[in-house]
Amino acid sequence: MMHAFTPEPKPGDLIEIFRPFYSHWAIIMSALADKAIVKKELLYEVAGRNKYHVNNKHDDKYSPLPPSKIVQRAEELVGREVLYKLTTENCEHFVNELRYGVSRSDQVRDAVAAVSITGVVGLAVLGFIGIMASRNKRQKQ
């Protein structure tokens, strides 16, 4: 079951699957805790009713390995237990390592940046409230 206007994935392509609060990433297989078993599954089974598309978004920054090498590396991991940590070794890190030899997750980077900005704005607001409260206290004295 392919989705309309979605190109047929080729071996070694990165697949971004849009879930309600995050994107899941796959290369032919999917790793789903601290440890995960690498599985080889059909794309339509992994995506389910979620939309997906081919997203080789770092091809302009990193040279992808040849498709046969990506698939070989992925196949060698099928059935193996691998580390899984949301912030350092998640599915996006996994597929980027397979395709480019570079472990990275833009979702993690973006989430950390958002939390940092929210924290700075929150501190600025608290600082402003503190200044205003201090002024009001002095004016009443």
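How do H2 and H3 lie to each other? I looked this up and found that H2 and H3 are oblique to each other.

**Entry 1: ground rules.** I note that this is a predicted model, where local features need pLDDT of at least 70, side-chain atom pairs count only at pLDDT 80 or more, and totals for chains, interfaces and linings use all residues. Residues are numbered from 1 along each chain as its sequence is written, and side-chain values use heavy atoms, with hydrogens and water left out.

**Entry 2: overview.** I counted 4 helices and 6 strands in the protein. Helices (H or I, at least four residues) and strands (E, at least two) are DSSP runs, numbered from the N terminus. The order of the elements from the N terminus on is β-β-β-β-α-β-α-β-α-α. I also looked up burial: of the 141 residues, 31% count as buried. Buried means under 20% relative accessible area, exposed over 50%, and partly exposed in between, with a 1.4 Å probe and protein chains only.

**Entry 3: H2 against H3.** Two packed helices are described by the angle between their axes and the distance between the axes. For helix H2 (residues 67–77) and helix H3 (residues 91–100), I read an angle of about 135 degrees and axes 8 Å apart. Axes are lines fitted to C-alpha atoms, for helices over the stretch in contact, and angles run from 0 to 180 degrees between N-to-C directions. Angles under 35 degrees count as roughly parallel, over 145 as roughly antiparallel, 65 to 115 as roughly perpendicular and the rest as oblique.

I then listed who meets whom. From H2 come Ile-70, Arg-73, Ala-74 and Leu-77, and from H3 come Phe-94, Glu-97, Leu-98 and Arg-99. Contact means heavy atoms within 4.5 Å. The residues of this contact divide into 5 nonpolar, no polar and 3 charged. Here Ala, Val, Leu, Ile, Met, Phe, Trp, Tyr, Cys and Pro count as nonpolar, Asp, Glu, Lys and Arg as charged, and the others, Gly among them, as polar.

**Entry 4: H3 itself.** I found H3 mostly covered, with 9 of its 10 residues buried. Among them are Cys-91, Val-95 and Tyr-100. At the N-terminal end of H3, Asn-90 acts as a cap: a side-chain oxygen lies 2.8 Å from the backbone nitrogen of Glu-92. After H3 comes Gly-101, whose phi is positive, near 80 degrees.

**Entry 5: two residues of H3.** Is Glu-92 buried or exposed? Glu-92 has 0% relative accessibility and therefore counts as buried. The side chain of Glu-92 makes a polar contact with the side chain of Ser-105, at 2.9 Å. A polar contact is a pair of N or O atoms within 3.5 Å; within protein, one must be able to donate a hydrogen and the other to accept it, and residues adjacent in sequence count only if both atoms are side-chain atoms. Not counting residues up to four places away in sequence, Glu-92 touches six listed residues, including Trp-25 and Lys-57.

His-93 is buried too, with a relative accessible area of 9%. With the same sequence limit of four places, the residues touched by His-93 include Leu-86, Val-102 and Val-108.

**Entry 6: the sheet.** I traced an open sheet of 3 strands in the order E2-E1-E5, with antiparallel pairing. Strand E2 (23–26) and strand E5 (52–54) stand at the edges, each with a single partner strand, so one side of each has no neighbour in the sheet. Neighbouring strands are turned by 25 degrees against each other on average, direction ignored. Two strands pair if DSSP finds at least two bridges between them.

E1 and E2 pair over 4 bridges, and a hairpin joins them through 4 residues. Strand E1 (residues 15–18) is joined to E5 by 3 bridges. I checked Glu-16 on both sides: the bridge partner is Trp-25 in E2 and His-53 in E5.

Last, I looked at the faces of E2. Ser-23 and Trp-25 on one side and His-24 and Ala-26 on the other are all buried.
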